[in-house]
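Let's take a walk through this protein together. Have the sequence and the 3D view at hand, and we'll stop at a few spots along the way.

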Amino acid sequence: MTAILSASELMSEMAGSRPPVLLDIRWQLGGPDQRPAYEAGHLPGAVYVDLDHELAGPPGSGGRHPLPDPEAFGAVMRRAGVRSDVPVVVYDGGQGWAAARAWWLLGWTGHPDVRVLDGGLAAWTAEAGEVTADTPTPVEGDFKPNPGALGLLDADAAASLARTGLLLDARAGERYRGEVEPIDPVGGHIPGAVSAPTTENVGPDGLFLPAEALRARFAALGATGGAEVGVYCGSGVSGAHEVLALQVAGIESGLYAGSWSHWSSDPARPVATGPNP
């Protein structure tokens, strides 16, 4: 099963006999809380989930968006109505990063059927999809996390993969090169990592590039011959989108969830700058 679906496909599933659980993951990096936007209008039946507080643990030594405690995450998902035997579809405002974070967490903790609405709310409304301000009260779900179903890297594993396989840096190129660093204490990248900005996974319409185009993109970056692939970003959000793009392309990969916010917090870890790995 593909990890993404179109707005028209979602409309058909919502009208069918086994509609998915819908989660609204709208979020802006450093921006205002998106709950008011959710309350003003969302997909029918969708439950809002807060990325900063429910899809991440408290910021600190583990990075800006460390993984949440699995049991706490499971409680959030159950309150949202998530069940192990019912499909889940996640969406955000259109960028896809936040939705991908939810997709990755649910997949990592063992949910067997999670997909991202390609293009998010923008794609839905472009197809004249219904939007409502009615806030649902879902029936309690039964999902119990069992972490480990997707690849997870720590700092040592990411450093090793940069030497022995392919470690992709999903941040903007200027941050990879160390020309600017608006958030973290130092600019640059993990030595050996290859620049692969997440923004290049989608077209001008905000939809994922076709699988063939994504395969070609990642092959050009070194994802060939069965090479082990890992991804990191600033704090494990846009990197999840890159893992999703790799999945669409048929390539398995691991996520360094702490990412640059974790790596750069330790001055003993090496930092490379410039355009080369």
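What follows goes from the nonpolar interior to a cavity, and then on to the charged pairs. Keep in mind that this is a predicted model.

Let's begin inside. The largest nonpolar core has 53 residues, and the members that touch the most others are Leu23 and Met77. Which element gives the most to this core? That would be helix H5, residues 97-108, with 10 residues. If you click on Met77 and skip its neighbours within four places in sequence, you'll find it in contact with Leu23, Val49, Leu55, Val82, Leu106 and Phe143. There is also another core, lying apart from the one around Met77, with 13 residues, including Leu161, Ala162, Ala193 and Tyr232.

Now hop over to Leu51, which sits in helix H3, residues 51-54. Is Leu51 buried or exposed? Its relative accessibility is 1%, so Leu51 counts as buried. Once the neighbours within four places in sequence are set aside, Leu51 is in contact with Trp27, Ala56, His65, Ala98, Arg101 and Val237. Take Arg101 from that list: Leu51 and Arg101 are 50 residues apart along the chain, yet 8.1 Å separates their C-alpha atoms.

Further along the chain there's Ser253, in the loop between H10 and strand E10 (254-256). Ser253 counts as buried because its relative accessibility is 11%. Again leaving out neighbours within four places in sequence, the contacts of Ser253 are Gly151, Val229, Val231, Val243 and Leu246.

Next, the empty space. How many cavities of 30 Å³ or more does a search of the whole structure find? Just 1. About 50 Å³ of space lies in this largest cavity. Its lining includes Gly94, Gln95 and Gly96, along with Val116, Leu117 and Asp118, and His241 is there too. By type, the lining splits into 4 nonpolar residues, 7 polar and 1 charged.

On to the charged pairs. In general, side chains with opposite charges can pair when their charged atoms come close. Here, a search of the whole structure turns up 14 salt bridges. One of them joins the side chains of Glu181 and Arg171, at 3.6 Å from N to O. Glu181 is in the loop between helix H8 (173-177) and strand E8 (194-195), while Arg171 is in the loop between strand E7 (166-169) and H8, 10 residues away. Glu181 has 19% relative accessibility, so it counts as buried, and Arg171 counts as buried because its value is 2%. These two don't stand alone, either: Arg64, Asp169, Arg171, Arg175, Glu181 and Asp184 are linked in a network of salt bridges.

Compare that with Glu179 and Arg177, whose salt bridge has its closest N and O atoms 2.7 Å apart. Glu179 has a relative accessible area of 52%, so it is exposed, and Arg177, at 29% relative accessibility, counts as partly exposed.

For a last stop, look at Arg217 and Glu242, whose side chains meet in a salt bridge of 3.5 Å, N to O. Arg217 lies in helix H9 (residues 211-221) and Glu242 in helix H10 (residues 238-248), so the pair ties together parts that are 25 residues apart in sequence. Both Arg217 and Glu242 are buried.

Methods: Residues are numbered from 1 along each chain as its sequence is written. This is a predicted model: local features need pLDDT of at least 70, side-chain atom pairs count only at pLDDT 80 or more; totals for chains, interfaces and linings use all residues. Side-chain values use heavy atoms; hydrogens and water are left out. A salt bridge is a side-chain nitrogen of Lys or Arg within 4 Å of a carboxyl oxygen of Asp or Glu. Helices (H or I, at least four residues) and strands (E, at least two) are DSSP runs, numbered from the N terminus. Buried means under 20% relative accessible area, exposed over 50%, partly exposed in between (1.4 Å probe, protein chains only). On a 1 Å grid over the protein atoms alone, a cavity is a set of points where a 1.4 Å probe fits but cannot get out, and a pocket is an open set with protein on both sides within 12 Å along at least five of seven lines; lining residues have an atom within 4 Å of a point. Grid points are joined across faces, edges and corners, and a volume is the space filled by probe spheres set on the points. Ala, Val, Leu, Ile, Met, Phe, Trp, Tyr, Cys and Pro count as nonpolar, Asp, Glu, Lys and Arg as charged, and the others, Gly among them, as polar. A nonpolar core is a set of buried Ala, Val, Leu, Ile, Met, Phe, Trp, Tyr and Cys residues joined through side-chain atoms within 4.5 Å. Contact means heavy atoms within 4.5 Å.
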